[in-house]
Amino acid sequence: MKELDPLLHSQLRLAVMSILMNVDEADFVYIKEKTESTAGNLSVQLDKLSSAGYIDVEKGFAGKRTRTVCRVTPKGRQAFEGYVNALKEYLNL
């Protein structure tokens, strides 16, 4: 059986990737609201996903406010699909 990707096996990181797999991009506030996480915890998890090359994080401004936008990368899409397939194997689906 395939091993589950430990980076995606975290509840919050899996939730973030699940959100990003279904949209072109999502900003920090949207992801924070959808995952019901704290800003600090979400920031740490986004950094981990970004460091692994699973997501791109773009920081900028919208007016005078900072805006952080996240997008899944091709590597992240492949990793997520591999994770889902491995889960299906474990569940005999």
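## Starting at the N terminus

Methionine 1 sits in the segment ahead of H1. This is a predicted model, and in it methionine 1 is exposed, with a relative accessible area of 69%.

Methionine 1 also has company on the surface. Together with Tyr90, Leu91 and Leu93, Met1 makes up a nonpolar patch. The accessible area of those four residues adds up to about 530 Å².

## Where the two ends of the chain meet up

Next door in sequence to methionine 1 is lysine 2, and here the fold brings in a residue from helix H4, leucine 87. The C-alpha atoms of lysine 2 and leucine 87 are 8.6 Å apart, although 85 residues separate the two along the chain. Leucine 87 is partly exposed, with its relative accessible area coming out at 30%.

## The buried side of H1

Which residues of helix H1 are buried? In this helix, which runs over residues 11-20, they are Leu12, Arg13, Val16, Met17, Ile19 and Leu20. They lie on the same side of H1, because the arc they cover around the axis is only 160 degrees.

And what do they pack against? Quite a list: the buried residues of H1 pack against strands E1 (26-27), E2 (55-62) and E3 (65-72). Helices H2 (28-35), H3 (39-51) and H4 (74-90) are also among the elements they pack against.

## Threonine 35, seen from H2

Now for a look from the other side, at threonine 35 in helix H2. Is threonine 35 buried or exposed? Its relative accessibility is 17%, and buried means under 20%, so threonine 35 counts as buried.

Setting aside residues up to four places away in sequence, threonine 35 touches Leu12, Ala15, Val16 and Ile19. Leu12, Val16 and Ile19 have already come up as buried residues of H1. Closer to home in sequence, the side chain of threonine 35 makes a polar contact of 3.0 Å with the side chain of serine 37.

## An odd phi in the loop

Between H2 and H3 there is a loop, and glutamate 36 lies in it. What is unusual about the phi of glutamate 36, given that it is not a glycine? The angle is positive, at about 55 degrees. For context, most residues other than glycine have a negative phi.

Glutamate 36 counts as exposed, at 74% relative accessibility, whereas threonine 35 counts as buried at 17%.

Conventions
Residues numbered from 1 in each chain as written. Predicted model: local features only at pLDDT ≥ 70, side-chain atom pairs only at ≥ 80, totals over all residues. Heavy atoms only, no water. Buried < 20%, exposed > 50% of the residue type's maximum accessible area, 1.4 Å probe, protein only. Helix = DSSP H or I, 4+ residues; strand = E, 2+ residues; numbered from the N terminus. Arc of directions from axis to C-beta. Contact = heavy atoms within 4.5 Å. Polar contact = N/O pair within 3.5 Å; in protein donor to acceptor, adjacent residues only side chain to side chain. Patch = residues over 30% accessible without salt bridge, like charges linked within 9 Å, V, L, I, M, F, W, Y side chains within 5 Å. Areas by Shrake-Rupley, 256 points an atom, 1.4 Å probe, with all protein chains shown as cover. Salt bridge = Lys/Arg side-chain N within 4 Å of Asp/Glu carboxyl O.
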